[in-house]
Amino acid sequence: MRLLLQFPEGLKQYAMEYAKGLESEGNEVFISASPTFGACDLALDEARSIKADKLIHFGHAEFHKVDFNVEYVEYRIDAQLSILNETLSSLSNFEKIGLITTIQHVHQIDALKDFYEKNGKKVFIGKPYGFAKKPGQILGCDVGSAASIDRMVDAFVYFGGGMFHPLGALLATKKPMLVVEPFANRVEFIDRYREVYAKRSRGKIMAALESKSFGILLTTKNGQHNESLARILKRKIEDSGLCAEIMVAGTFDFTSLENLREFDAFVNTACPRIAVDDTERIGKPLLSANELMQVLSMKKELEEIRNREIIQPYK
Ligand code: SF4
């Protein structure tokens with residue numbers, strides 16, 4: 001069989017080992033060298049161009065249905081749970097705990113639950129309602145497992161690595177969020193970032209109020225491609241008397257975006273985290289669709305105020 005192997009960045013270091021193993025079984029193997037961000041980003045064009053019989057995507061569960069033979073190989077990590085003892089003092093004021101984690105640790109969620117129940121906590125594990133597939137599992141763009149139990153819990157415990165996933169959950173919920181990173185041996189509440197990101201969002205909106213031309217980012221990545229949203233946003237901008245164009249890329253390069261100098265602001269329709277995490281990589285407002293709608297509505301209100309001559313027009 002002719003195979004294309006695709007690894008996220010953290011697993012590319014094991015590519016040769018997997019390739020050799022599959023070759024020894026008689027397969028012809030190719031490895032995708034493109035950056036890979038998630039199962040939303042399947043290397044289908046590469047697989048088709050080399051006429052692969054199958055794409056094997058490592059590290060993520062299925063994200064969306066595609067018209068190609070794809071095998072998903074989830075990457076599970078058995079982390080030591082001893083770090084949980086260190087969380088008990090931080091959680092002493094909270095009785096009802098919501099547990100969330102990533103696909104790498106979701107098989108450990110029952111063990112996490114047992115630990116907290118044995119220590120007198122009432123444990124809630126939410127069901128995903130978007131792209132995530134397993135109870136308690138969150139993705140950077142799907143935190144339904146957290147949002148669905150926000151009203152029931154006193155605090156959340158995120159078990160896993162990095163800030164990317166818990167940050168998404170933090171911004172979609174209201175309760176304290178304790179991050180437990182077993183490999184970094186870190187136990188920390190991250191609630192302060194709610195205000196940091198809210199302030200950043202307000203700053204972008206205020207800056208975009210002066211914008212007259214908008215570039216709408218439309219990615220070709222199969223699980224992030226949303227042309228109808230891009231078209232709707234273009235029409236809304238133009239209906240407001242402003243200029244908009246849709247710009248297409250696989251992965252957006254911020255230097256290239258800066259070179260599109262005629263555009264005053266950008267609107268994201270690709271991975272929703274771009275308008276959250278990457279805004280400081282570009283010197284112009286990089287808005288989500290919701291933020292754009294707020295900008296257009298505020299612009300309209302300002303216009304009406306100016307027309308009523310309550311304030312002097314400005315240049
Ligand atoms: S957060 Fe972005 S990169 Fe990750 S799965 Fe969702 S769309 Fe893909």
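# Burial, domains and backbone in a predicted model

User: In this predicted model, which residues are exposed on the other side of helix 10, away from its buried ones?
Analyst: Exposure here requires 12 or fewer other C-beta atoms within 10 Å of a residue's own. In this predicted model, the residues on the other side of helix 10 that are exposed are Asn290, Ser297, Lys300, Glu301, Glu304, Ile305 and Asn307.

User: Why do the buried residues of helix 10 lie on the same side, and how wide is the arc they cover?
Analyst: Helix 10 runs over residues 289–307 and spans 27 Å from its first C-alpha to its last, close to the 27 Å expected at 1.5 Å a residue. Its buried residues are Glu291, Leu292 and Val295. They are placed on the same side of helix 10 because the arc they cover around the axis is only 100°.

User: Which elements are included in what covers the buried residues of helix 10?
Analyst: The residues to be covered are Glu291, Leu292 and Val295. Their cover includes both helices and strands, namely helix 6 (192–208), helix 7 (227–239), strand 12 (265–268), helix 9 (274–277) and strand 13 (286–287).

User: How many residues of domain 1 are in contact with domain 3, and how many of those are nonpolar?
Analyst: The domain assignment gives domain 1 as 2–73, domain 2 as 82–190 and domain 3 as 197–307, and the C-alpha centres of domain 1 and domain 3 are 32 Å apart. Across this pair, ten residues of domain 1 are in contact with six residues of domain 3. On the domain 1 side, one of the touching residues is polar, one is charged, and the nonpolar ones number eight.

User: Which residues does Phe266 touch beyond four places in sequence?
Analyst: The largest nonpolar core holds 71 residues, and Phe266 is among the members that touch the most others, together with Leu99, Phe156, Tyr158, Ala169 and Leu287. In soluble globular proteins, nonpolar side chains tend to be buried together. Not counting residues up to four places away in sequence, the partners of Phe266 are Phe214, Gly215, Leu217, Leu257, Lys284, Leu286 and Leu287.

User: Is Leu4 buried or exposed?
Analyst: Leu4 belongs to strand 1, residues 2–6, and beyond four places in sequence it is in contact with Phe30, Ser32, Ala43, Glu46, Ala47, Ile50, Ala52 and Leu55. Because 24 other C-beta atoms lie within 10 Å, Leu4 counts as buried.

User: How many residues of helix 1 are buried?
Analyst: Helix 1 occupies residues 15–24 and lies largely in the open. Just after helix 1, Gly26 has a positive phi of about 95°. Of the ten residues of helix 1, the number buried is zero.

User: What is the phi of Lys51, and is this residue buried or exposed?
Analyst: Lys51 sits in the loop between helix 2 (44–49) and strand 3 (54–58), where 8 other C-beta atoms within 10 Å make it exposed. Most residues other than glycine have a negative phi. Lys51, although not a glycine, has a positive phi of about 55°.

User: How many C-beta neighbours does Asn185 have inside 10 Å, and what is its phi?
Analyst: Asn185 is found in the loop between strand 8 (177–181) and strand 9 (186–189). Asn185 counts as exposed, because its C-beta neighbours inside 10 Å number 11. Although Asn185 is not a glycine, its phi is positive, at about 55°.

User: What share of the 315 residues in the protein is buried?
Analyst: The protein has ten helices and 13 strands, and its C-alpha atoms fill a box of roughly 70 × 60 × 30 Å along the principal axes. Among the 315 residues, the buried share is 36%.

Notes:
Residues numbered from 1 in each chain as written. Predicted model: local features only at pLDDT ≥ 70, side-chain atom pairs only at ≥ 80, totals over all residues. Helix = DSSP H or I, 4+ residues; strand = E, 2+ residues; numbered from the N terminus. Expected span 1.5 Å × (residues − 1). Buried ≥ 20, exposed ≤ 12 C-beta atoms within 10 Å, placed from the backbone. Arc of directions from axis to C-beta. Contact = placed C-beta atoms within 7 Å. Domains from an automatic or database assignment. Nonpolar A, V, L, I, M, F, W, Y, C, P; charged D, E, K, R; others polar. Core = buried A, V, L, I, M, F, W, Y, C linked by C-beta atoms within 7 Å.
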